[in-house]
Amino acid sequence: MQEFIEDLKSFDFNGRMNRAMYWKYAILGYLLMIGIFFVLGLLGMDGKSISSLVNTVYAILFLPFNVRRLHDLNRNGLWLLLTLVPIVNFFLFIYMGFVKGTDGYNDYGPDPLRR
């Protein structure tokens with residue numbers, strides 16, 4: 001958890017992130033988001049505006065993780081713009097979550113599995 005928080009605070013778009021780390025951070029992020037929704041619900045603050053706010057904050061905080069995952073696939077972070085296209089965003093999620101990253105060094109740095 002400490003590594004996750006440090007990585008989140010750094011907001012670093014450089015380098016690469018392998019699938020295992022990507023999934024670990026995604027699951028932690030979703031659990032945190034569910035916890036926030038739960039607490040807000042207990043406080044009686046359920047509503048579309050709160051949900052939109054929490055989702056927007058989540059998307060911004062996890063932007064560097066998504067970019068670094070794309071870097072591991074030797075793709076530019078601009079590929080994240082595809083998340084704005086319905087249906088295409090689903091396939092991008094599958095690609096980022098399940099396709100093995102580039103072996104060895106690529107345009108974005110050394111292989112995170114060989115450090």
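A nonpolar patch of about 550 Å² lies on the surface of this predicted model. The residues that make the patch are Phe11, Phe13, Leu53, Val57, Ile60, Leu61 and Leu63. Helix α3, which covers residues 48-61, is the element that gives the most to the patch, with 4 residues. Val57 is one of the patch residues, and its place is in helix α3. With a relative accessible area of 39%, Val57 is partly exposed; the cut-off for a patch residue is over 30%, so Val57 passes that part of the rule.

From the surface, the description can turn to the interior. In soluble globular proteins, nonpolar side chains tend to be buried together. Here the largest nonpolar core has 16 residues, and Tyr25, Phe62, Phe65 and Met96 are those with the most contacts inside it. Two or more residues come from each of α2 (19-42), α3, α4 (63-72) and α5 (88-98). Of the elements, α2 gives the most to this core, with 4 residues. Helix α3 therefore appears in both settings: it gives two or more residues to the core and 4 residues to the surface patch.

Tyr25 can be followed further. Leaving out residues up to four places away in sequence, Tyr25 touches Glu3, Phe4, Asp7, Met17, Phe62 and Phe65. Among these partners, Phe62 and Phe65 are also listed with Tyr25 among the core residues with the most contacts. The three aromatic residues belong to a cluster as well: ring pairs link Tyr25, Tyr30, Tyr58, Phe62 and Phe65.

The count of aromatic pairs in the model comes to 10. One of them joins Phe90 and Phe91, with 5.4 Å from centre to centre and 75 degrees between the planes. An angle over 60 degrees counts as edge-to-face, so this pair is edge-to-face. Phe90 is partly exposed, at 48% relative accessibility, while Phe91 is exposed, at 53%. The two values fall on either side of the 50% cut-off, which is why the labels differ.

Charged side chains give another set of links, and the count of salt bridges comes to 6. In one of these, Arg68 pairs with Asp7, and the closest N and O atoms are 2.9 Å apart. Arg68 lies in helix α4 and Asp7 in helix α1 (residues 2-10), so the pair ties together parts that are 61 residues apart in sequence. Arg68 is buried, at 7% relative accessibility, and Asp7 is buried too, at 17%. Asp7 is also one of the residues that Tyr25 touches.

A further salt bridge stays within helix α4. The side chains of Asp72 and Arg69 meet at 2.6 Å, N to O. Both residues lie in helix α4, 3 residues apart, or about one turn of the helix. Asp72 and Arg69 are both buried. They also take part in a network of salt bridges that links Arg16, Arg69 and Asp72.

The salt bridge between Arg114 and Asp111 has its closest N and O atoms 3.6 Å apart. Here the partners differ in cover: Arg114 counts as exposed, at 60% relative accessibility, whereas Asp111 is buried, with a relative accessible area of 6%.

Notes
Residues numbered from 1 in each chain as written. Predicted model: local features only at pLDDT ≥ 70, side-chain atom pairs only at ≥ 80, totals over all residues. Heavy atoms only, no water. Phe/Tyr/Trp six-rings, centres within 6.5 Å; stacked < 30°, edge-to-face > 60°. Buried < 20%, exposed > 50% of the residue type's maximum accessible area, 1.4 Å probe, protein only. Patch = residues over 30% accessible without salt bridge, like charges linked within 9 Å, V, L, I, M, F, W, Y side chains within 5 Å. Areas by Shrake-Rupley, 256 points an atom, 1.4 Å probe, with all protein chains shown as cover. Salt bridge = Lys/Arg side-chain N within 4 Å of Asp/Glu carboxyl O. Core = buried A, V, L, I, M, F, W, Y, C linked by side-chain atoms within 4.5 Å. Contact = heavy atoms within 4.5 Å.
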